Every structure is written in C-alpha cells, then in structure tokens.
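Colleague: I have some questions about the words used for this structure. Please set each value against its definition.

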Amino acid sequence: MTAPRILLIIGGGIAAYKAIELVRLLRKSGYVVRCVLTRAGEQFVTPLTLAALSENKVYTNLFDLKDEVEMGHIQLSREADLVVVAPATADLLAKMAAGIADDMATTLLLATDKPVLAAPAMNVRMWLHPATRRNVATLRGDGVTVMEPDEGEMACGEYGPGRLPEPAAIKGAIDKALKEAPPPIPLTGQPDFAPANHRPLFGRRILITAGPTHEPIDPVRYIANRSSGKQGFAIAAAAAEAGAEVLLIAGPVELPTPPGVIRIDVETAREMAAEVEAGLPVDAAIMVAAVADWRAADTATQKIKKDGSGAVPPLALAENPDILASVAKSAQRPPLLIGFAAETNDVIAHAEAKLARKGCDWIVANDVSADPMGGETNRVHIVSKGGVDSWDRLPKAAVARKLMEKIADELEVRSPVQTD
Ligand SMILES: Cc1cc2nc3c(=O)[nH]c(=O)nc-3n(C[C@H](O)[C@H](O)[C@H](O)COP(=O)(O)O)c2cc1C
C-alpha cells in the first residue's frame with residue numbers, strides 16, 4: 001500500500017506550533033506530508049521548520065512562479081489523499097464556507113476533489129459567535145469534517161471551547177477520515193492529474209530563444225529583421241504549462257513574459273549566444289529566434305552623419321556566431337536540439353539542408369512567403385532524419401502545444417526521467 005498523502009494547511013493561530021508536532025506524528029507513521037502556510041500562519045511558524053520536519057517543500061504564495069512551474073496549484077490540491085486544515089482559524093472557516101479563494105490555502109481548498117478535515121482553534125467567543133456557528137454548519141453540510149475544539153484555558157486567559165485538539169487526536173481523526181474517504185466524484189472529460197499525464201514536461205528544463213536580434217550600426221541605428229517573437233513566446237508559454245522549467249532568451253520584443261517562465265532579454269546575437277551557453281545544460285533547446293546572420297563589422301560610437309557630399313558611408317558586415325551549430329557541437333549538447341527555419345521557397349529542401357548543416361535533431365520549418373512573420377498562425381513541417389511531419393495551419397499557441405506533446409514523447413525515448 002502506498003503511504004497516505006496529506007496536504008496540511010496551517011492557519012494563523014497561536015496553536016500553529018502544534019502543527020509542527022502533528023507533522024512529526026504523521027511522518028513517524030510514514031505519511032507523505034506537504035505543508036501550506038497562510039500568510040498569517042507564517043507569523044507563528046516558519047516554512048523552514050515545516051520543510052525540515054515534513055522533508056518536503058512548503059508552499060506559501062499562490063503567485064510563487066517557481067512553485068507553479070514545479071507543481072501547479074490544481075495538481076497540488078489533487079495529489080493528496082486528504083486535505084487537513086490545522087489550526088483552522090475562524091477566518092479560514094469563514095472563507096471555506098463562502099468559497100473564497102484569495103490565497104494559496106483557500107484556493108487549494110476550493111480546487112480540491114479530496115475530503116477535507118478541519119481542526120479549529122480560536123478564542124471561545126470567536127468559536128461561539130453566530131457567524132462561526134453558521135460557517136461550521138455550512139461546512140459540515142458540504143461534507144467537510146470539522147472537529148470539535150478542545151475545551152479549557154486559552155492562550156488569551158479566557159476559558160471555554162476553542163483550543164486546538166491535541167495532535168494525537170487530530171492524527172486519529174485523519175486516520176478515520178482516510179479509512180472512510182469516499183472516492184472523488186470524477187468530472188467527465190477532465191485531464192488526468194497524474195504528473196506524467198497532466199504535466200508531461202514536469203521535471204524537464206527547456207531553453208527557448210525567441211524574437212529578432214538587433215545589431216547596432218551606431219548609437220541610433222541597427223540591423224534587424226521582422227521576427228515578432230510570437231511563436232517563440234507561445235512555445236515558452238506551452239512549455240511552462242506542460243510543467244517544464246523554462247528559460248526564455250528573448251531578443252528585443254514588446255511581448256509579456258508568459259506565466260512561470262524565466263526570461264532574459266538580450267539585444268544582439270553575441271549576447272544571445274552568451275546567455276544560451278550560460279543556460280546549458282537543459283533537456284531540450286528550441287532555437288526559435290531569428291538571429292541576425294551578420295552584424296556591422298564596426299559599431300560607430302557616435303551617430304554617423306551625412307557630410308553633404310552625397311557620399312554613402314561604407315557598411316562592412318561581420319558574421320555572427322551560429323548559435324544553433326555551436327550548441328550542437330557543445331559538450332553540453334541537449335538530448336533534444338531543435339532549430340527553426342523561416343523560408344520563403346523550397347521550404348522542406350532548405351530545412352533538410354539546414355538539419356544536416358547544423359547538427360540538430362529537428363528543424364521546424366515554416367513558410368513565410370504567404371504569411372509574413374508577425375502573423376497569428378503558422379504552418380510548420382517538422383523535419384528530422386526520420387522524415388517530415390507536416391501540420392495544418394494552426395494558431396501559434398496550438399503549434400506550440402502540439403510541439404510540446406511531440407517533445408515530451410521524444411524526451412521519454414531519448415532521456416527517460418529517472419524514477420528512483
Ligand atoms: C497573536 C495572535 C493569535 C491569533 N490566534 C488566532 C487563533 O487562535 N484563531 C483564530 O481564528 N485567529 C487567530 N488570530 C487571528 C488570525 O491570525 C487572523 O484572523 C488572520 O487573518 C488569519 O489568517 P488565515 O486564516 O489566513 O491564517 C490571531 C492573531 C494574533 C495576532
């Protein structure tokens with residue numbers, strides 16, 4: 001039998017310190033415990049203490065992007081067998097009864113499909129207040145197990161019901177709830193939240209380049225191209241949605257950073273090459289950026305002026321580093337290396353030549369003759385040694401998602417995740 005998994009939400013009450021003992025008891029019985037601390041809870045116990053005792057990451061902030069990349073908040077709420085709120089503050093009970101979801105703890109409580117057990121702790125008047133009475137009745141009616149608090153002297157000196165039940169009693173209630181837990185009612189047509197299915201790139205690190213590069217001629221002029229960055233940003237968004245840790249190295253574009261993506265802005269090809277090198281190793285690198293092939297051989301330190309003679313200043317060019325080819329040759333070559341090729345003619349033939357020349361695994365070729373760069377859709381051909389996979393014209397976000405599915409499958413073959 002696998003160990004029961006408990007998601008323990010710790011509210012901001014004086015009894016939060018007893019949650020530490022509860023974690024210890026649960027771990028002693030071999031349970032897997034993940035702790036979530038409310039903002040107020042953090043005033044009473046530290047994430048560090050809970051992390052050390054639970055031997056697991058502690059979650060606090062709904063908008064902690066790194067956590068969302070590692071594990072989505074919905075997945076966090078689903079992968080437990082039981083959600084336990086201890087201490088359940090008057091505030092948490094009220095929010096749970098009303099369906100409020102304004103922080104990590106309450107959002108998880110609203111999103112979960114698992115049974116919920118609440119161990120209340122509060123001042124006697126708060127417990128006996130008609131509002132709390134109503135909230136407890138509502139929660140019990142909704143199927144939440146709300147334990148009766150202990151009676152006795154409180155931290156504030158008053159006497160009555162409101163003390164947190166002892167950790168051993170909460171552990172007993174947890175064991176009972178686990179035994180009696182009904183299976184969750186499935187919603188038809190929903191994704192499977194098993195990590196491998198729901199987040200197929202969970203645990204993977206993916207590097208993506210996007211946008212154009214700007215190669216300065218003088219302080220006010222530069223060489224550029226028409227790349228909008230939209231396809232690369234859509235790919236970064238899809239990779240993060242699929243659970244990957246995403247490093248996006250972006251040329252100069254005015255696009256918002258997709259949620260959960262770590263973004264580094266660069267201007268020139270040489271800056272991009274340096275950031276790509278620094279970003280390795282990764283499981284997959286997807287080079288979507290339209291990197292300028294050439295830069296001005298010399299960059300003037302001052303604006304180049306017309307001198308009135310009609311003479312045109314010479315513009316000598318120098319070749320930029322070939323980022324894709326150098327990653328392919330690098331000692332840290334990713335298990336899956338993908339280049340993009342925007343072509344205006346002989347799309348597949350050019351892509352096949354580029355594949356051989358650059359030493360990458362796939363070239364995603366797109367025909368930009370009909371739909372210039374910057375459009376909202378793309379028709380791509382995935383060219384590899386194994387052949388050509390041509391997709392219909394799709395919105396760029398759909399291309400990105402389809403590409404993530406293909407990458408996840410390919411990584412399973414090339415670089416299976418170690419499970420032990
Ligand atoms: C020293 C102190 C002790 C508190 N103890 C409790 C308590 O035992 N129970 C309770 O419901 N609220 C208690 N509160 C009030 C909560 O911290 C407050 O309602 C907070 O908003 C709860 O946030 P949370 O429900 O998100 O954890 C206490 C506040 C302070 C300053």
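Modeller: The protein has 15 helices and 22 strands. Helices (H or I, at least four residues) and strands (E, at least two) are DSSP runs, numbered from the N terminus. This is a predicted model: local features need pLDDT of at least 70 and side-chain atom pairs count only at pLDDT 80 or more, while totals for chains, interfaces and linings use all residues. Residue numbers start from 1 along each chain as its sequence is written.

Colleague: Why is the protein called more spread out than a compact globule?

Modeller: The radius of gyration, taken over C-alpha atoms, is compared with the globule rule, 2.2 Å times the number of residues to the power 0.38. For 420 residues the rule gives 22 Å, and the protein has 28 Å, well over that, so it is called more spread out. The C-alpha trace spans about 95 × 50 × 35 Å along its principal axes.

Colleague: Where do the domain bounds come from?

Modeller: They come from an automatic or database domain assignment. It gives domain 1 (5-180) and domain 2 (199-301 + 315-414). Their C-alpha centres are 45 Å apart.

Colleague: What makes strand S3 and strand S6 edge strands?

Modeller: Two strands pair if DSSP finds at least two bridges between them. Six strands form an open sheet in the order S3-S2-S1-S4-S5-S6, with parallel pairing. Strand S3 (58-59) and strand S6 (145-146) each pair on one side only. Strand S5 (residues 116-120) pairs with S6 in the parallel sense over two bridges, and Leu117 has Thr145 as its bridge partner in S6.

Colleague: How do you know which strands helix H1 lies across?

Modeller: By contacts: two residues are in contact if their C-beta atoms, placed from the backbone, lie within 7 Å. Helix H1 (residues 16-28) lies across strand S1 (5-10), strand S2 (32-37) and strand S4 (82-88), at about 170° to S1. For the angle, axes are lines fitted to C-alpha atoms, for helices over the stretch in contact, and values run from 0 to 180 degrees between N-to-C directions. Helix H2 (residues 47-54) lies across S2 and S3, at about 170° to S2.

Colleague: What makes a residue part of the shell around the ligand?

Modeller: Its C-beta atom, placed from the backbone, must lie within 6 Å of the molecule. There are 15 such residues, and the closest are Gly12, Gly13, Thr38, Ala40 and Thr89. Helix H5 (residues 90-98) supplies the largest share, three residues.

Colleague: How many residues of that shell are nonpolar, polar and charged?

Modeller: Eight are nonpolar, six polar and one charged. Here Ala, Val, Leu, Ile, Met, Phe, Trp, Tyr, Cys and Pro count as nonpolar, Asp, Glu, Lys and Arg as charged, and the others, Gly among them, as polar.

Colleague: Why is the pairing of S7 and S8 called antiparallel, and what joins them?

Modeller: Strand S7 (residues 150-153) and strand S8 (residues 159-163) run antiparallel and are joined by four bridges. Glu151 stands opposite Pro161 in S8. The two strands form a hairpin with five residues between them, and Gly157 in the turn has a positive phi of about 100°.

Colleague: Which peptide bond ending at Pro87 is cis?

Modeller: The bond from Ala86 to Pro87, with omega near -5°. Pro87 lies in strand S4.
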